[in-house]
Every structure is written in structure tokens, then in C-alpha cells.
Amino acid sequence: MNFFIKYLGSFLCFFILLGVSGQDDILMKKVTLSFEEQPLKEVLHEISVQTGIDFSYNSKLVNDDQLVTLKVSDALLSSVLDQLCNSIGIEFKLVKQQIILKPQRRKNDTTKRYTISGFIRDQETGETLPGATVMIAGTDKGTISNNYGFYSLTLEEGENILDFSFVGFSKQQKVLNLTEDLKLNLSLMMDTQLLGEITIETNEQLETIEKSQMSRIKVNPQSLSAMPEFAGEVGLIKSLQSLPGIKTHSDGSAFFFVRGGNKDQNLILIDEAPVYNPAHLFGYYSVIIPEVAKDISIYKGDMPIEKGDRLSSIIDVQTKDGNLKKLEMNGVLNPFMYRFSMEGPIKKDKSSFFTSFRHSNFKWIYRQAAPDNNLYLLDVNTKINWKINSNNRIYFSFFYGADNFTNDNPGNLSGINWFNFTSTFRWNHVFNNRLFSNTTFYASNYYYKLSLGSFEWNSSINNVSLNYDMTWYPHPDYTYKFGASVTGHNFNPGNLTESEESKFVPSIAKSQADKIVFYINREHSLSDRLSYKAGLRIPIWNNKGPTIIYRYDTNYQVIDTMVFETSDAMQTIVNLDPRISLKYKLTSTASLKFSYGIYHQYIHQISNSISPFSSFEIWLPSNSNIKPQRADQLAFGYFKYFSKANIELTSEVYYKWMKNQIDYETHANLMLNPLIEGELRFGEARSYGFELLLRKTKGRFTGWVSYTYSRIFKRINGINDGREYPAYYDRPNDLSFFFSYHLTKKLNFSANWTYYTGSAITTPISFYEYNDYVVPIYGDKNNDRLPDYHRLDIALSWQLNKPERKFQHNLTLAIYNFYNKHNPVSINFNKIEKEDGGFVIPENLYGTSEILTTNKYLMGIMPSITYKFKL
């Protein structure tokens, strides 16, 4: 902790000096002027000549023909501007390397105010644009459209000039003469010159600099296609590896860890519904297809008050609504996968649909060697929306993703399969120009099955939820968000299906639980420099029967058995989760931010395997044996935007305290064990780190550099003799480079290089021989590390059509792991070495010893070719 405090102090001092010494130096320049009854515009022109600074103003509000007298010699620009503005009744503000002029506000101003509101859409498709900005021209005041493209802004009576913008789209300016409340729906045109040149999107000024929200990254789904592909597919989870603060497990895994949290502490939402397993083919592919998404937001902290409850991160995916204007078809073909999508209007400008289907094409690989095997994965995404009228719109969407790895030989039926299913119904309602509501009803189900002959083991988790959320815009300086939700959960921690054999195997008690949540949040701009966001989330967790709960003593021996029927009340857990964030703007292009939040988690994934191939998953609820996990996270950030270079600097330091963390007894038995909760061990964890992201978002050359230094330590009762030890996913250094360069208008080259410290593992500290067997002796838990990981991926994309053609298609050549680095995922130790250099591992006392090498790796060099089309 002392290290963190010293580190934080140095961090803040450095960036405060960096921010303050930036553009404020402009006002320290000196000028000499001598004007007698000359037009204001000539005075401003002379100041621009001497200082290089530009002026921006509305000539209808600031009369630049008025005559002024100004005589100064070698005076500071700041004092000259004060003298000039006071003499003619205007005020100035330094914004983005230019000076904004506007009329001075009158004291006790009683000017009437009116509200302008509406939806911002894509002109070509009719899709709403979440995160679009509405700015008062020449100022840093404005607002951001919500997840459904709705905005509301209250302005003074009279003429107002508004700039509407969205990353990748051409800016549009509107001059409005407000005499009453106004409803204005606006469509923005995509800027074709920027297509493919933006990989991660943020609104450079309003969202990053002006808003108190921190620890969020918005990913542009369209731009993920610029990243090098694995086997012809770009997956969101794989792409996260190149962002700061997010650590993936290894090759062939969809597990990821955020700011010291475990893999089950990440919440993935598709249209508000949770997805419990984001992996296909054990993690080589992701269930989230970028081409299906309209908007992707990743929260590593300062999480939205209406979403939860997980400790570490939220990945919020909003899928496409469907083109309201015209019918479109898209396709992707490569040797391992094919994917097709279609979207278009059901009734033009009124309702539309979107549907996508993806299926693997693996059979040609194993057809001759294993003709009885049946290996495939598939995804289906569908969405329908209908604009009932200007104030009401409804959406219905569902997602189904499945994996199958079975042997269909009638004499040896075996294998595994699993699926995710989500379905969401949403209703947007605009009460008036300042009050917006969203009602969501969703269902989610995750099912996993393991088959071995006549035995069939399955586990599942499913839930249904009703959420009601409201956003109120009473004043341009503050916004309220409040609402409630109720969710029902069902847990099956793993049982055999009923058969003659299952009668001899103990059954595992299923369980149910309800969660009710109330929340409220206020975002308030106290001044031009200072703003805050504060909220409170109140989750109420209720365990329900029928189920069986075992009570344990301090040695984890059963001392009591409690049987609950359907109507029996079991346990209610209530927590208060406050959250607050602050923003202090150093200059118009730099700000400091702070956030603190308490988070609780009530469902827990039980798995003691660190294998990347394990999708064996059991989910258990919080109860009298498993307390809700808790995290307190504190973060500080510095944000700077260099407008001329289009470069954004994002840096954050954080410290996180976690309670009721779960680990496992040595050789814990998690399958078909009624006493599974007795295999769990609990304790505390702490993590801290520094994250840095430097990115260029526009131009022929785009990309970013990200670096993370982080540590995560656990102290669990009964493990490692109660001493603190690093978690498996403790990897101190993580560095990534990504760039995309347009060689020509049709040819694009991209590369991604990743490096991180090897994962912590436990290795023997010595060996001894017993009955002709070599037995390892272990010391501290996770006392060693795998070798450091690094990998380079490259891709070359060729646009085959002319830009003006309706039929668009391209060809992408990619190489995953370009220099064929063999990154180990495990190390095997033995002292019995054969003459050929192999090692004998006595894994089965009654069988033959298996001969293995000491290192295992999953993936070498992997080339791919992919054809994509759109019509």
C-alpha cells in the first residue's frame, strides 16, 4: 500500500504539471498593439499574427465591426484579452488551441430556457447512434446521446448554434432560434474518407475530457476488422488482449482477467442479457461477432449504476437494429468458417430486422482420421425493431450460440457440448423532452453437457429479469438516472440425467434465488472545470427453496443438514453499493479524474482448473456458506488530447481490495459432490496497477501503444499456510503495439504485437524417491512463472471493388503468430529421463507411464485467407 501511495503521488504531480504547462502557455505570450477607433476584427487579426492563436466567434452574437481602442506594449496576452473583452462586453475562453469569444453573461440573468431533444441516427441505415455528441458551438458545453441515440439539452432563448458529431461521421451544424421547446431528430452521414481508419472510438473532448466517467473504453465494431485475424475470424475477446488492464488467459482460451479480478468477475451483456460462456472451441473463437454489434463499451471500473453485479468489468454489447432504408447482405468465407447476415426494412423508416448466421467448417480437417467425430460451432443473432410513433419504440432480439465436440459412434457415444441462449424485449418511451425511459425483459440460459457412454452429466444456470430505467434531464448541468430491477435465478451445479446408473450416484441439490435492485445516480457539472457523478445501488439477494444446505465446522466437516421446501424462506442479503467519480479539467484538452466504488457479486463460477481447454463450469449462488464477493476500487486518471496530432493519452492508477475471494482445497472434488461447498476456501485479495494508452485515431496511420503494470495477491485461509501468494493471473508487465496503415486506397496493412510476463505457477522445490517413484516436494503456492509470452500477428487487406460500386468485397491475408513463437501453457516436471531425452511421468499406478516433453504449447504459426462481401 505504501508503494501505491508513493506511486500515485508521483503520477499526479507529473501529469498535473504536464496538463497545466500545455496550452495555458499560450496566454503567457506577449503582444504590442496600438489601435485607435479601429474595427474589432482588425485587432483580432493583429493578435493572431503576433501569437499564432486563432479566434472563433459567431459574428451575429459578437459584432466584429464595432470600433475599439487598445494600446499596449509587451503585455501578456491574458491581460490584453481581459482589457479588450471588458471594454466591449464580451468574454473569452481558451478551447483547443483557439480563443472562443461570446457575449458576457448578465448578472441575475432571467433569460428563458428551452429544451431541444430527439434522436441521432445514421442517415444511410436509420440506426440510432449511441454516444453521439451535441455541442454548443464555440464552447465545451453539450451532451451525449444515450444507448438508444436519445439526447436532451436545455438552452437559453434565442439563437443557438449546435454541432452534432459522431466518430466516423461528418459533423453537422444547426442554427436554431429557440422560442419554445423543440424536438429535433437528426441524421448524420458517414464520412467515407474515415472508413477503416479508426480502431477505437471516443469523443475526444466531451466524453474523455469533459465527463467524469472513467475506466471505460468504447470499441468501434466496424474497425475491429482492421486487426489481424485468427483463422479468418476477428473476435472481441482476443482483441481485448491489446488494451490496458485486460489480461487474456493464453492461446486457445476465452478467459480474461481485469484489474486483478478472477474470470467469473466479468459480466458480458448482449442487448442487456448476460452471456455466461463467451467462448467457442474452448476459446479459439468468441461468441461476440464484431459485425453484429452496433456499439461495444468496456468498463474496468466506475461501472454504470444500472448494471451489475460483478466485481471487475462489464462488456456491454448493443447489436445492430437493422437497416431502415434498404436491404443489405453480408458474407464471410474462409476454410474454417462461413457467416452470412441480412438486414433491411420491414416497413421503410418504421421497422426493420437484422439476422446473422455463423457455422464452422472443420469436417474436412478430421474426416479421414476420425470419421465418427462431430465437431462444430454455430451462432444465430436476430433482432427486430418497430417505431410505434415518435415517443415509443420496441425491440426484440435473441442470440443462440452452441458448441458440439462428440463421437457419434453408436458403440462409444461420448463428448461435450454447451450452448448460450439469450432473448431480450425492450421498450423505449419518451415521456417528454426531458424524461426518457427504457423497460427491458430478458431471459438467459447456459447449459453444459458431458457424455461418456450411458452416463450424461449436465449443469446449467438460467435467469429471467425485468428492468425499468429512467433518465431525467432537468437542467443542462445535471442529469438523473434511476430505476429498479427484479431477477430470478436457477442453478444446477451438475447432475447425471436419470438412468439406471444414476441411481447409484448422489444427486446435487439445485437452488433458486431472486435479486431485487434499486438505484439512483446524479451527474452534475459544478463549474466549467469541476463535475461529479454520484450514485447508490441497493441489491437485495433472496435465497429460495427447494434445496439442501449443509453446515460445516471449522475443519469443513458437516455438522448439520437443512432441507428447505419451495415456500420456505432461507436467507436475505442486503448491501449498499455507493459509487462516486470526480473530474477536474486542467485545460480544455486535459483533465484529472477520480473514482471510488463498492461492488458485490452474488453468483460464483466454481472451477479449479487453469487449463485453457477447460469449459467445465459450475455456478453457485451466495448463501450461508458462500458470502457475496466484495470489491472496493479506487482509481485516479489523467487524460490528455493532442488535437493537432489526433493523439489521445489515457493513464490510470488503481487500487482494489477484495473480500470473500474463493480458492479450493488441494485436489478438490467439484463433480458429483453434494458437499462441494466444503471444498471451497475463502479469503482476501488485493490488486494495484498502472495503465497507459497512447493512441492515434485518425489518418492513414492509426493505432495505439498500451502498457499495464499490475499485481494481484491473495491470502486464503487454509492455503499456503495462510501466507499471501500471487494469483495465477498475476502478470506484472503487459505491453501491446497495434497499428493500421493504408498503403493505398484499396490496400491496408496492420500488425499487432503482444508481450506479457509469464503466468504464476507452482513448481517443485525438490524431489525424493519412494518405492521407485520420484515424488515432488512443493513449497509456496505459485512460486514460479511460465516463460514470458510474446506474439506478432500481421494482416494485409485488399479492397477488390471500386469505391463507387454497390457490390463491395475484399480479401484478407493474415498470419497469426508470424514468427512461430512456441508459448508454453504448462510445464511438466520429472526426474526419470529416457535415453531419447524424454521424461517418464507415472500418472497411472495401474497403467503404463506416458512419455511427454517438459513444455506444452498450443499454437504455432497460423496463416489464413478470408473473403468478405457486402451488397
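Helices H2 and H3 are roughly antiparallel to each other, a label used for angles over 145 degrees. Their axes (lines fitted to C-alpha atoms over the stretch in contact, with angles from 0 to 180 degrees between N-to-C directions) come within 13 Å and cross at roughly 170 degrees. H2 covers residues 40–51 and H3 covers residues 77–88; helices here are DSSP runs of H or I with at least four residues, strands are E runs of at least two, and both are numbered from the N terminus.

This is a predicted model, where local features need pLDDT of at least 70 and side-chain atom pairs count only at pLDDT 80 or more, while totals for chains, interfaces and linings use all residues. Residues are numbered from 1 along each chain as its sequence is written, and side-chain values use heavy atoms, leaving out hydrogens and water.

Back to the helix pair: Leu40, Val43, Leu44, Ile47 and Thr51 of H2 meet Leu77, Leu84 and Ile88 of H3, where contact means heavy atoms within 4.5 Å. That makes 7 nonpolar residues, 1 polar and no charged.

Now for some strands. Two strands pair if DSSP finds at least two bridges between them, and here are three such pairs:

| Strands | Sense | Bridges | One bridge pair |
|---|---|---|---|
| E24 (residues 337–347) and E25 (residues 351–360) | antiparallel | 10 bridges | Glu343 and Phe354 |
| E25 (residues 351–360) and E26 (residues 373–389) | antiparallel | 9 bridges | His359 and Leu378 |
| E17 (residues 266–270) and E22 (residues 313–319) | parallel | 5 bridges | Ile270 and Val317 |

E25 has 7 of its 10 residues buried (under 20% relative accessible area, 1.4 Å probe, protein chains only), so this strand is largely enclosed by the rest of the structure. In the hairpin of E24 and E25, 3 residues sit between the strands, and Asp349 takes a positive phi near 65 degrees.

E17 and E22 belong to an open sheet of 5 strands with mixed pairing, in the order E14-E21-E22-E17-E18. E14 (216–219) and E18 (273–275) are at the edges with a single partner strand each, so one side of each has no neighbour in the sheet. From one strand to the next, the twist averages 25 degrees.

Finally, the cores: sets of buried Ala, Val, Leu, Ile, Met, Phe, Trp, Tyr and Cys residues joined through side-chain atoms within 4.5 Å. The largest nonpolar core has 43 residues, of which Phe230, Tyr285, Phe362 and Ile606 touch the most other members. Strand E40 gives the most to this core, with 3 residues. A second, separate core of 28 residues includes Val219, Ile237, Ile270 and Ile296.

Notes
Buried means under 20% relative accessible area, exposed over 50%, partly exposed in between (1.4 Å probe, protein chains only). Angles under 35 degrees count as roughly parallel, over 145 as roughly antiparallel, 65 to 115 as roughly perpendicular and the rest as oblique. Ala, Val, Leu, Ile, Met, Phe, Trp, Tyr, Cys and Pro count as nonpolar, Asp, Glu, Lys and Arg as charged, and the others, Gly among them, as polar.
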